[in-house]
Amino acid sequence: MSMTLRKGVIEDLPALLEIEKKATPNLLYLNDVKEEFFNNEIGELIVAEEDGQPIGFARFSVQYDGSGWLECLRVDPAHQKKGCGALIWTRFIELCDIFKAPYVRMYTGLTNYASRVLGERNGLHVAYQTREGTLMLENAPDVSAEGFEKADCHHCVEAAVAPYAEGYHGYFCTNRTFYGLGMPLYKGLAQEEMVWKKGESMVTIGARFQKDKGLHIGLMGGDLDECVRFAVQKFRESGLPKLVCMIPSERDDLRAALEKYGFVFPDAQIIMLERQF
């Protein structure tokens, strides 16, 4: 029996949802993002088949600056460790060339060695190590911060964010999606109206997708206490179930500012791998 690859179509959804349920039962989101993921004009949903039956899939997405983002790699447990993931990776690298991606990135758990090894075999390296904190709505304190205004143009976003880029190793993260900081991203953040500023302080609040499931703090700087209070205020106003923030693992100052208001950080850490072309 041989495995083959093809572009996914919306009719594949039921079969792919079953694969996702078996492969990552605690991380289900394909159905929520199907309109974006099945759009093969701005990326590609890759489906692996054996004897005409889907056994795995993954998504190659194109970021603001043209970089490739590898996500949602799922293989049916009955077909794992048999070359399916490696085959999908061959298409990932082909797509980097097709889309002329300057970088390609992915994330995985620090202890997910199988995923990390696949990335490293294809030229990626660990570029960033992070921790993810979460605040649930029922635990959110009633706090507020006045005076924050939206950064309403990309130059305003650049002026607000750039001073704090080094503290985030030059990356921005929302929904476990990592982007390189730069003007293409600043334009995207301005369009999404995610950046709020007050004097020298700034915080990003929003989401890439699953916008009905929660908000994300992408990065913040300046008066951290005031930034967190403003983010929690906006979160409570939204009524969404959770507020999430990914931070560099070594940034104890960020972690302390978030934990003060109820964020919980598990021991598990997340790494982002990257390759430059």
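# Notebook: side chains, helices and rings

**Entry 1. His216.** I looked up His216 first and found a polar atom of its side chain 3.4 Å from the backbone nitrogen of Asn175. The model is a predicted one. I placed His216 in strand E12, residues 215–221. Is His216 buried or exposed? Its relative accessible area is 11%. I count His216 as buried because that value is under the 20% cut-off. I then listed its contacts, leaving out residues up to four places away in sequence. His216 touches Thr174, Asn175, Thr204, Ile205, Gly206, Ala207, Leu243 and Val244. Asn175 thus appears in the contact list and in the polar pair.

**Entry 2. Gln233.** I went on to another side chain that reaches a backbone nitrogen. Gln233 lies in helix H7, residues 224–238. Its side chain comes to 2.8 Å from the backbone nitrogen of Ala145. I read a relative accessibility of 14% for Gln233, which counts as buried. With neighbours within four places in sequence set aside, Gln233 is in contact with Val143, Ser144 and Ala145.

**Entry 3. Helix H3.** I checked the length of H3, which runs over residues 84–98. Its 15 residues, at 1.5 Å a residue, should span 21 Å. The end C-alpha atoms are 21 Å apart, so the expected and modelled spans agree. Which residues of H3 are buried? I found Cys84, Gly85, Ile88, Trp89, Arg91, Phe92, Leu95 and Cys96. Viewed down the axis of H3, these buried residues fall within an arc of 160°, so they line one face of the helix. I asked next what covers them. The cover includes strands E1 (3–7), E2 (43–50), E3 (53–62), E4 (68–75) and E5 (103–109). Helix H4 (113–121) is also included. Just after H3, I noted that Lys100 takes a positive phi of about 55°.

**Entry 4. Leu5.** I picked Leu5 in strand E1, since E1 is among the elements covering the buried residues of H3. Leu5 has a relative accessible area of 29%, so I class it as partly exposed. Which residues does Leu5 touch, beyond those up to four places away in sequence? I listed Ile46, Val47, Ala48, Leu87, Ile88, Thr90 and Arg91. Of these contacts, Ile88 and Arg91 are among the buried residues of H3. I also took one distance across the model. Leu5 and Thr204 are 199 residues apart in sequence, and their C-alpha atoms are 38 Å apart in space. Thr204 is one of the residues that His216 touches.

**Entry 5. Aromatic rings.** I searched the whole structure and got 12 aromatic pairs. I opened Tyr29 and Phe37, an edge-to-face pair with 6.2 Å centre to centre and 80° between the planes. Both Tyr29 and Phe37 are buried. Trp89 and Phe92 are also edge-to-face, at 5.1 Å centre to centre and 90° between the planes. Where do Trp89 and Phe92 lie? Both are in helix H3, 3 residues apart, which is about one turn of the helix. Trp89 is buried at a relative accessible area of 3%, and Phe92 counts as buried at 2%. I also traced a cluster in which ring pairs link Trp69, Tyr128, Tyr171 and Phe178.

**Entry 6. Charges over rings.** I looked for charged ends above aromatic faces. The charged end of Arg105 sits over the ring of Tyr103, 4.8 Å from its centre. Arg251 lies over the face of Tyr168, 5.6 Å from the ring centre.

**Entry 7. Helix H6 and Glu193.** I listed the buried residues of H6 (residues 183–192) as Leu185, Tyr186, Gly188, Leu189 and Ala190. They pack against helix H5 (154–161) and strands E8 (171–174), E9 (177–180) and E10 (195–198). H6 is followed by Glu193, which I found in the loop between H6 and E10. What is the phi of Glu193? It is positive, about 55°, although Glu193 is not a glycine. I flagged it because most residues other than glycine have a negative phi. Glu193 counts as partly exposed, at 46% relative accessibility.

**Entry 8. Gln210.** I closed with another positive phi. Gln210 has a phi near 50° and is a residue other than glycine. I found Gln210 in the loop between strand E11 (201–206) and E12. E12 is the strand that holds His216, where I began.

Note on methods. Residues numbered from 1 in each chain as written. Predicted model: local features only at pLDDT ≥ 70, side-chain atom pairs only at ≥ 80, totals over all residues. Heavy atoms only, no water. Helix = DSSP H or I, 4+ residues; strand = E, 2+ residues; numbered from the N terminus. Buried < 20%, exposed > 50% of the residue type's maximum accessible area, 1.4 Å probe, protein only. Polar contact = N/O pair within 3.5 Å; in protein donor to acceptor, adjacent residues only side chain to side chain. Contact = heavy atoms within 4.5 Å. Expected span 1.5 Å × (residues − 1). Arc of directions from axis to C-beta. Phe/Tyr/Trp six-rings, centres within 6.5 Å; stacked < 30°, edge-to-face > 60°. Lys NZ or Arg CZ within 6 Å of the ring centre and 35° of its normal.
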